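Visitor: Hi, I'd like to walk through a protein with you. Could you pull it up so we can chat about it?

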Amino acid sequence: MTAAMESKGSGGVDIASNRNKAILHALSKRLSFDRKKFPSESIGGYDIMSLISNILQLSASGVPLQNPDEIMKWVTFASDFPSEADACHATLKGLNEDLAQRAVLLGDGLKPSVADIVVFSTLHHFVSQLTASDMQKFSNVMRWMDYIQCSKKADKTDADLTSKKVTQGPKNVDKPEGNIDPKKGAAEKKASGDDKAAETSTKNNKPTEEKKKASEKASAEKETECSITILNIQVGVIRKAWKHPSADSLLVEEIDLGDGNLRQVVSGLAKFCSPDDLLNRRVVLITNVKPGKLRDVMSAGLVLCASNQDHTVVEPLIPPEGAKLGECVSFSGYEGKPEDILNPKKKQLEKITPHLYTDDKGVATYKGTPFMTSAGPCASSISNASIK
């Protein structure tokens with residue numbers, strides 16, 4: 001990992017070589033250069049700084065490098081990663097805390113950034129040898145490692161896409177000469193007929209390619225139907241709030257999404273917040289639920305709130321300062337277009353909300369992936385809470 005560690009016998013050299021090969025392989029695709037031009041016979045002898053420097057020279061005519069200063073900060077982090085166990089744990093602890101506030105090290109997370117690839121490749125050997133209890137201590141690091149590893153697999157471009165061709169033997173069109181035994185001919189004909197019938201039966205029983213594709217498509221559609229990507233989750237601010245005229249447990253809010261209009265939403269927050277508590281409070285809300293009346297008052301949204309286990313403490317999720325009004329919350333690794341309006345009959349929200357919760361730092365997540373805005377993740381003062 002560090003130069004000191006790499007010099008300790010062949011084991012260290014192997015670690016450095018495997019790390020450098022992983023970095024070279026991943027970045028050759030990410031930065032569009034021919035990795036064969038790199039002198040691979042001595043790749044294990046490069047420290048990280050020298051390796052990245054050579055890679056950037058090869059990729060100078062390829063994909064432009066974005067955020068080079070930030071990238072080099074993480075390259076330095078990887079280069080300085082310690083070899084001693086105690087120091088390693090201390091460094092991982094700092095990284096774990098950092099990743100509590102972000103989904104990835106750099107970029108939008110749709111593709112692994114140069115920084116994520118370099119740090120991932122550096123940490124991989126050490127993290128793979130952590131005990132189960134240590135993995136729990138570094139849960140954010142493990143979540144990030146798993147995501148980057150899956151993203152690298154999904155980004156694989158050198159897979160063999162060649163389909164197998166079915167070849168058939170030449171047909172025997174020559175007619176047999178001489179006398180043909182009628183009984184023998186009848187037996188051969190029957191055998192041939194039986195073979196064809198068996199072949200036809202096999203073909204009919206074997207699932208066709210079209211059926212497989214239809215099944216895969218249906219499965220993908222079902223998965224998408226329950227994905228967080230169908231929700232349109234936006235940042236807003238409550239401009240006005242008052243008690244529902246006919247329901248003691250409900251409040252009515254007018255929420256500004258930055259588009260010049262105020263959206264009216266009814267929330268079950270009266271037992272937990274006063275209207276004054278909510279005035280000018282920034283919130284996160286689902287804006288593509290089907291509008292409808294709650295006790296005769298129109299509601300066109302759903303304010304997402306965190307709740308403790310016994311539902312005695314409830315509060316709206318808090319977007320970070322600097323998040324723009326109306327901006328959509330994103331989830332690293334999840335791509336898709338929100339539906340215009342959710343279909344209540346499909347019970348889509350009921351399928352998604354069990355996967356919404358805050359982590360031990362209070363960061364709002366979907367299946368462990370943070371609710372991200374341009375200014376960072378959304379959060380709550382209630383840790384390990386359900387979100388609805």
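Guide: Happy to, and keep in mind that this is a predicted model. Let's begin with His-311, which counts as partly exposed at 48% relative accessibility.

Visitor: Where is His-311 placed?

Guide: His-311 lies in the loop that links strand E8 (305–307) with strand E9 (314–316). The backbone there has a feature to look at as well: phi of His-311 is near 60°, which is a positive value in a residue other than glycine.

Visitor: Which other residue besides glycine has a positive phi, say near 75°?

Guide: Asp-296 has one, with phi near 75°. Asp-296 sits in the loop between strand E5 (292–294) and strand E6 (297–299).

Visitor: And is Asp-296 buried or exposed?

Guide: Asp-296 is exposed, as its relative accessible area is 69% and the cut-off for exposed is over 50%.

Visitor: Let's zoom out. How many helices and strands does the protein have?

Guide: The protein has twelve helices and 15 strands. It is 388 residues long, and 39% of them count as buried.

Visitor: What about the surface, how much of the exposed area comes from carbon and sulfur atoms?

Guide: Carbon and sulfur atoms supply 51% of the exposed area, which is about 22900 Å² in total.

Visitor: And the contacts, what share comes from residues 24 or more positions apart?

Guide: That share is 68%, counting the contacts with a separation of 6 or more.

Visitor: Now the strands. Which of them form the open sheet, and in what order?

Guide: Five strands make up an open sheet, in the order E3-E2-E1-E4-E7, with antiparallel pairing. Strand E3 (262–267) and strand E7 (302–303) are at the edges with a single partner strand each, so one side of each has no neighbour in the sheet.

Visitor: How many bridges does E1 make with E2?

Guide: E1 and strand E2 (residues 251–256) are paired over six bridges, in the antiparallel sense. Lys-243 has Leu-251 of E2 as its bridge partner, Ala-241 is opposite Glu-253 in E2, and Lys-240 is opposite Glu-254 in E2.

Visitor: What about E1 and E4, how many bridges there?

Guide: Strand E1 (residues 233–243) is joined to strand E4 (residues 282–286) by five bridges, and the two run antiparallel. One facing pair is Val-235 with Val-284 in E4.

Visitor: Back to E2. How many bridges join E2 to E3?

Guide: Six bridges join E2 to E3, again with the strands running antiparallel. Glu-253 stands opposite Val-265 in E3, and Glu-253 is also the residue in E2 that faces Ala-241. The hairpin of E2 and E3 has five residues between the strands, and Gly-258 takes a positive phi near 80° in this hairpin.

Visitor: Why is E2 largely enclosed?

Guide: Five of the six residues of E2 are buried, so the rest of the structure largely encloses this strand.

Visitor: Switching to helices: what are the buried residues of H4?

Guide: They are Ile-71, Trp-74, Val-75 and Ala-78. These four cover an arc of only 105° around the axis, so they are on the same side of H4.

Visitor: Is there a general reason for spacing like that? Why would residues three or four places apart point the same way?

Guide: An α-helix has 3.6 residues a turn, so residues three or four places apart point the same way.

Visitor: Which helices do those buried residues of H4 pack against?

Guide: They pack against helix H3 (48–58), helix H5 (85–99) and helix H6 (114–127).

Visitor: And what span should H4 have?

Guide: Helix H4 (residues 68–79) has twelve residues, and at 1.5 Å a residue they should span 16 Å. The end C-alpha atoms of H4 are 16 Å apart, which agrees.

Visitor: Last topic, cysteines. How many disulfides turn up?

Guide: Searching the whole structure gives zero disulfides. Take Cys-273: the closest cysteine sulfur is in Cys-305, and at 7.2 Å that is too far for a bond, since the cut-off is within 2.5 Å.

Visitor: Is Cys-273 buried or exposed?

Guide: Cys-273 is buried, with a relative accessible area of 9%. Cys-88 counts as buried too, at 0% relative accessibility.

Definitions and conventions
Residues are numbered from 1 along each chain as its sequence is written. This is a predicted model: local features need pLDDT of at least 70, side-chain atom pairs count only at pLDDT 80 or more; totals for chains, interfaces and linings use all residues. Side-chain values use heavy atoms; hydrogens and water are left out. The expected span of a helix is 1.5 Å times one less than its number of residues. Buried means under 20% relative accessible area, exposed over 50%, partly exposed in between (1.4 Å probe, protein chains only). The arc is that of the directions from the helix axis to the C-beta atoms. Contact means heavy atoms within 4.5 Å. Accessible areas come from the Shrake-Rupley method with a 1.4 Å probe; for residues, only the protein chains shown count as cover. Two strands pair if DSSP finds at least two bridges between them.
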